[in-house]
Amino acid sequence: LTENWIQWSQHLEQRVKELEAVSDENLLLTEKIELQRQSLILLEAKVESLEKENAVLKSALRKLKKDGK
């Protein structure tokens with residue numbers, strides 16, 4: 001019984017060390033993901049802005065073509 005307890009305890013200690021190492025890595029990855037999410041939000045806003053500008057320019061071009069005929 002004592003030997004099983006010792007093995008279980010050692011295994012548990014090893015597992016805690018592994019999880020602590022992964023925890024640091026997960027924290028870094030979570031930070032990277034958040035930075036990428038913020039960049040994505042900015043890029044989506046830029047795309048939306050450019051799409052609106054593109055629609056205005058297309059409309060102006062159609063008007064110029066229509067007026068030129």
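Visitor: Which residue forms a salt bridge with Arg15, and how far apart are the closest N and O atoms?

Guide: Side chains of opposite charge can pair when their charged atoms come close. In this structure, which is a predicted model, Arg15 is joined to Glu18 by a salt bridge whose closest N and O atoms are 3.2 Å apart. The two residues stand three positions apart in helix H1, which covers residues 2-68, so Arg15 and Glu18 are separated by about one helical turn.

Visitor: How should I read the exposure of Arg15, and is the residue buried or exposed?

Guide: A residue is called buried under 20% relative accessible area and exposed over 50%, with partly exposed as the class in between. Arg15 has a relative accessibility of 42%, and therefore counts as partly exposed. Glu18 belongs to the partly exposed class as well, because its relative accessible area is 35%.

Visitor: How many salt bridges does the structure hold, and where in the helix do Lys52 and Glu48 lie?

Guide: The structure holds four salt bridges, and the pair formed by Lys52 and Glu48 is one of them, with 3.5 Å between the closest N and O atoms. Both residues belong to helix H1, where they are four residues apart, or about one turn of the helix. Lys52, at 54% relative accessibility, counts as exposed, whereas Glu48, at 43%, counts as partly exposed.

Visitor: What separates Asp67 and Lys63 along helix H1?

Guide: Asp67 and Lys63 are four residues apart in helix H1, which means that about one helical turn separates them. Their side chains meet in a salt bridge, at 3.8 Å from N to O. Asp67 counts as exposed at 53% relative accessibility, and Lys63 counts as exposed at 55%.

Visitor: How many positive and negative side chains does the chain have, and how far apart are the centres of the two sets?

Guide: Beyond single pairs, one can ask how charge is distributed along the whole chain. Here there are 12 positive and 13 negative side chains, and the centres of these two sets lie 22 Å apart.

Visitor: Which residues form a nonpolar patch on the surface?

Guide: The patch is made up of Trp5, Ile6, Trp8, Leu12 and Val16, which together have about 530 Å² of accessible area. Trp5, a member of this patch, lies in helix H1 and counts as exposed, with a relative accessibility of 58%. Ser9 also has its place in helix H1, and its relative accessible area of 23% makes it partly exposed.

Visitor: What is the secondary structure of the chain, and what radius of gyration does the chain have?

Guide: The chain has one helix and zero strands. For its overall form, the radius of gyration can be set beside the value for a compact globule: with 69 residues such a globule would come near 11 Å, but this chain has 29 Å. The C-alpha trace spans about 95 × 15 × 10 Å along its principal axes. As an example of distance along the chain, Ser9 and Ala55 are 46 residues apart, and their C-alpha atoms are separated by 67 Å.

Visitor: What percentage of the residues count as buried, and which atoms supply 60% of the exposed area?

Guide: Of the 69 residues, 0% count as buried. The chain exposes about 7,000 Å², and carbon and sulfur atoms supply 60% of that area.

Conventions. Residues are numbered from 1 along each chain as its sequence is written. This is a predicted model: local features need pLDDT of at least 70, side-chain atom pairs count only at pLDDT 80 or more; totals for chains, interfaces and linings use all residues. Side-chain values use heavy atoms; hydrogens and water are left out. The radius of gyration is taken over C-alpha atoms; the globule rule is 2.2 Å times the number of residues to the power 0.38. Buried means under 20% relative accessible area, exposed over 50%, partly exposed in between (1.4 Å probe, protein chains only). Accessible areas come from the Shrake-Rupley method with a 1.4 Å probe; for residues, only the protein chains shown count as cover. Lys and Arg count as positive and Asp and Glu as negative; His and the chain ends are not counted. The place of a charge is taken as NZ of Lys, CZ of Arg, CG of Asp or CD of Glu. Patches are made of residues with over 30% relative accessible area and no salt bridge: like charges are joined within 9 Å, nonpolar side chains (Val, Leu, Ile, Met, Phe, Trp, Tyr) within 5 Å.
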